[in-house]
Each structure stands twice: as C-alpha cells, then as structure tokens.
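The exercises below ask you to read a structure step by step, and each task is followed by a worked solution. Please look at the sequence and the model before you begin.

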Amino acid sequence: MGGKIYRMIPLHPFTFGTYRKQISDFFDQHPEYRIIHGHCSESGYFVYREAARRAVPVIIAHAHNAHALFDTKWLFRTYFKHAMRPYLTQGFTCGKEAARWLLGNELGKKAILQRNAIDTLLYRFDEVVRLEVRQELHLPEDATVVGHVGRFNRQKNHEFLLEVFHKYVQELNSTAHLLLVGTGKLQKVIQKKIQQFRLTDQVHLLGERPDVNRLLQAMDLFLFPSFMEGLSVSMVEAQCAGLPCVVSDRIPHEAALTDLVSFLSLETAPRQWAHEIERVRCMANRRTGYYQQIADAGYDIAQNAKWLQNYYLRQWDKTR
C-alpha cells in the first residue's frame with residue numbers, strides 16, 4: 001500500500017550501542033518523518049530519544065501491556081519506561097492499566113484510548129464454517145473443543161493451561177480436544193508437557209495461522225490464563241465469535257466486552273479451572289449476534305482506522 005519497512009538489529013543489552021546508532025542514522029537520513037508512533041513498549045526509548053533530539057514534533061508511545069514480568073530484563077524495562085517519558089508528546093493505550101504501567105500517572109491519565117479493534121464481520125459466528133473447520137482438523141463432530149490463541153512464551157502461561165485441560169479430560173470430559181494456535185520459544189516445553197499428560201491425540205498444535213477467524217468457529221470455549229495482558233486482541237476476537245471465555249484475573253476486566261467472560265485467579269487450582277470450563281460451557285446457549293456487540297463497543301477496525309487517519313492528518317497540519 002506504499003508503506004516502507006526499515007529493519008534494525010534486534011534489541012538486547014549487548015546491542016544497545018549498535019541499535020542506538022542505527023536509529024540515529026535513520027533519523028539523519030529520513031527527516032521527512034514528522035510523526036513517530038511506537039508500539040514497542042519501553043523498548044522504544046532509543047527511538048523516542050533520537051526523534052526528540054531532532055525536534056520531531058509528534059512522538060507517541062502506545063501502551064499494549066498492563067505490566068512486565070519479573071525476569072532478567074525487568075531492570076532494563078523499568079529504567080527505559082521512566083527514561084522515555086520526557087521525550088513523548090502523547091501517549092496512546094489499549095486500556096487504563098496498560099497506560100498506568102507504561103506511561104505513569106500523569107501522562108497515563110492523558111493517554112488516548114485506541115482500542116485493539118478487529119474486522120467484526122470477519123469474526124462473527126458461522127455454523128457452516130464451524131463444520132468445515134472441524135472436518136479439516138478431523139475433530140469428532142460432537143467433541144468439546146477448547147481453544148487458545150497466543151505466542152508460546154511465559155506471558156501466556158501455557159503450562160498451566162495444559163494442567164487445566166488435563167484435569168478437564170481426566171475428571172469431566174474425556175473426549176475433549178484442545179487447539180493451540182501460535183508458535184514460540186517454549187514450543188518444545190509445551191510438546192513435552194503434552195506427552196507427559198498423554199494428550200498427544202487430543203492437543204493440536206496448529207502453529208501460526210492466517211485464518212484464526214475460522215479456527216475460532218470450531219471451538220466451544222476459549223481458555224486464556226495469561227500472567228499479563230493489556231487488552232487482548234485474541235479475547236476481542238473470541239468474544240466476537242460468540243465464544244465463552246475462561247480467563248485469568250490478571251487480564252483487565254475492561255476486556256470483558258460481553259457477558260461471555262468468566263475471570264479466575266491463577267492461585268485457583270487447575271481442577272477448579274476445569275470445573276469452571278464445564279460450568280461455562282453448559283450455560284452457553286448461543287453464539288450469534290456478539291459481533292454487533294463488539295462493534296457497538298467501539299472495536300470495529302474500519303471505524304478505528306478512519307479515526308486514526310484523521311488524527312495523523314490533524315497532527316500533520318499542526319506541524320506545517
């Protein structure tokens with residue numbers, strides 16, 4: 001569509017110097033860019049700093065996650081998120097908690113809510129597609145299908161998810177199937193766990209897929225025990241498809257855009273999660289019509305794209 005992609009070296013502690021130089025060189029070579037809209041959380045520090053040094057008039061940081069996991073990168077993340085704030089002219093966020101974590105109280109309160117919007121018509125429930133996908137995946141017609149969409153990393157908590165599904169199969173629904181959509185560095189760990197629980201015939205690793213909208217139709221319930229989220233696009237998509245969702249209470253409650261969402265603590269035992277899956281599944285009585293609720297809540301991509309385009313144009317006019 002006319003956009004250009006510029007690739008930088010991957011950012012980690014050993015490449016800070018090289019990465020900073022590449023960003024600096026980029027802005028020297030491309031003074032035409034007058035609006036910077038960053039989606040890389042606190043890692044955008046170098047981008048925002050170099051842009052501010054060249055008096056780029058509009059510098060936006062977009063908050064997508066509610067908080068960072070405590071790991072070896074936590075110290076760098078905490079430093080960068082504080083250090084980047086003076087360079088920003090505006091904050092964007094997917095939700096209140098994400099804004100508070102990345103941007104702080106003062107800038108966070110002024111952050112513009114930019115919803116994680118989707119093509120609502122693409123994700124609306126379709127019984128014909130549901131049957132087609134189940135046949136493609138060789139799923140029994142009457143099987144309960146639990147699903148999850150997300151990268152195979154620690155944030156998404158796949159090991160706990162598999163423990164929950166294992167309990168569900170053991171105690172409540174021996175013929176259930178689980179669809180895992182995604183890839184990532186923990187794939188071997190996840191495969192080992194599946195073998196350990198003897199679930200190789202019932203857990204389907206589908207990899208990265210361009211047809212998530214179709215796969216959601218084949219599911220009966222969406223399971224999402226993340227350690228952290230901003231406002232998950234996957235949850236918006238699942239609700240749009242009319243899927244009951246059992247999710248962790250680490251996810252902001254504003255992500256519940258419909259009556260389909262049930263929150264549970266990660267301190268709750270896998271057995272109780274399994275029983276909640278069965279309770280929610282049995283209570284579900286329809287899948288249709290939820291796409292309109294998602295659109296009415298402001299999560300339709302066409303409306304949001306138009307708003308963002310107009311925002312950029314207004315900012316551009318101000319800088320001329």
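**Exercise 1.** How do the residues of the lining of the second largest pocket divide into nonpolar, polar and charged?

*Solution.* Keep in mind that this is a predicted model. Begin with the space itself, which comes to about 860 Å³ in the second largest pocket. Next, look for the residues closest to its centre, which, out of the 29 that line this pocket, are Ile 36, His 37, Gly 38, His 39 and Tyr 312. Then turn to the elements, where helix 13 (301-319) is one of those that give two or more residues to the lining, and helix 13 supplies the largest share, 5 residues. Finally, sort the lining by type, which yields 18 nonpolar, 8 polar and 3 charged residues.

**Exercise 2.** Decide whether Gln 114 is buried or exposed, and find its surroundings.

*Solution.* First place Gln 114 in the loop between strand 4 (112-113) and helix 5 (120-123). Its relative accessibility is 7%, and because buried means under 20%, Gln 114 counts as buried. Lastly, leaving aside neighbours within four places in sequence, list the contacts of Gln 114, among them His 62, Phe 92, Trp 307 and Leu 308.

**Exercise 3.** Describe the largest nonpolar core.

*Solution.* Start with the extent of the largest nonpolar core, which has 60 residues, and note that Leu 216 and Phe 222 are among those with the most contacts inside it. Helix 4 (residues 96-109) then gives the largest share of this core, 6 residues. To finish, separate from it a second core of 26 residues, which includes Leu 162, Phe 165, Tyr 168 and Ile 277.

Methods:
Residues are numbered from 1 along each chain as its sequence is written. This is a predicted model: local features need pLDDT of at least 70, side-chain atom pairs count only at pLDDT 80 or more; totals for chains, interfaces and linings use all residues. Side-chain values use heavy atoms; hydrogens and water are left out. A nonpolar core is a set of buried Ala, Val, Leu, Ile, Met, Phe, Trp, Tyr and Cys residues joined through side-chain atoms within 4.5 Å. Buried means under 20% relative accessible area, exposed over 50%, partly exposed in between (1.4 Å probe, protein chains only). Helices (H or I, at least four residues) and strands (E, at least two) are DSSP runs, numbered from the N terminus. Contact means heavy atoms within 4.5 Å. On a 1 Å grid over the protein atoms alone, a cavity is a set of points where a 1.4 Å probe fits but cannot get out, and a pocket is an open set with protein on both sides within 12 Å along at least five of seven lines; lining residues have an atom within 4 Å of a point. Grid points are joined across faces, edges and corners, and a volume is the space filled by probe spheres set on the points. Ala, Val, Leu, Ile, Met, Phe, Trp, Tyr, Cys and Pro count as nonpolar, Asp, Glu, Lys and Arg as charged, and the others, Gly among them, as polar.
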